[in-house]
Amino acid sequence: MLQRIQTIYLLMAAGASAGLVFVFHLWKTNEGVSVFAKDNMLYLGLFLGSAILSIIAIFMYKNRKSQFVLGRLNIILNFILLGFFVYLSLNLSGETAVSEKGIGMFLPIVSIVFLALANKAIKKDEDLVKSVDRLR
């Protein structure tokens, strides 16, 4: 059942986590050098971990409960990543190391939205199956 809508949402979340981090920069330094996620192993690991969890959740379509749990874990992982970015933005005052924030800092929010939509569709499928089982 890979043709369900949550598969599309999970693919979009994986694309935002794995693909767009190489396109959009996270921030620019005072010297004008763009910093991408691939420059910091922690950020790259968290982004790729989020993408891998999304891909694993796609292929767990036979077990909707574990697919839902993986979606929740992925949301938590993206909140941790977003927390790192907020901490970085608020901790550095003025123009000490970061002169311009990039759109790459908002990619975890995009991923969280797609994951929440996927979890909503998974929950809807689970409720539908439970209602059909009650009729038997």
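Where is Gln-67 in this protein? You'll find Gln-67 in helix α3, which runs over residues 64–91. Keep in mind that you're looking at a predicted model. Let's start with the whole chain and then zoom in on that glutamine.

**The overall layout**
- The protein has four helices and three strands.
- Walk along the sequence and you'll meet them in the pattern α-β-β-α-α-β-α.
- Of the contacts with a separation of 6 or more, 72% join residues that sit 24 or more positions apart.

**Inside and outside**
- There are 136 residues in the protein, and 39% of them are buried.
- The protein exposes about 7,900 Å², with carbon and sulfur atoms supplying 69% of that area.

**Annotated transmembrane regions**
- An unreviewed UniProt entry puts the label "transmembrane region" on residues 7–27, 42–61, 73–90 and 102–122.
- In the model, residues 7–27 are 62% helix and 5% strand, and the C-alpha atoms at the two ends are 31 Å apart.
- Residues 102–122 come out as 76% helix and 0% strand, with 32 Å between the end C-alpha atoms.

**Zooming in on Gln-67**
- Gln-67 has a relative accessible area of 1%, so it counts as buried, the cut-off being under 20%.
- Leaving aside residues up to four places away in sequence, Gln-67 touches Arg-4, Gln-6, Leu-10, Ala-57, Ile-58, Met-60, Tyr-61, Asn-119 and Ile-122.
- Among those partners, Leu-10 belongs to the annotated span 7–27, while Ile-122 belongs to 102–122.

Methods: Residues are numbered from 1 along each chain as its sequence is written. This is a predicted model: local features need pLDDT of at least 70, side-chain atom pairs count only at pLDDT 80 or more; totals for chains, interfaces and linings use all residues. Side-chain values use heavy atoms; hydrogens and water are left out. Buried means under 20% relative accessible area, exposed over 50%, partly exposed in between (1.4 Å probe, protein chains only). Contact means heavy atoms within 4.5 Å. UniProt positions are given in the numbering used here, feature names are shortened, and annotations may be inferred rather than shown by experiment. Accessible areas come from the Shrake-Rupley method with a 1.4 Å probe; for residues, only the protein chains shown count as cover.
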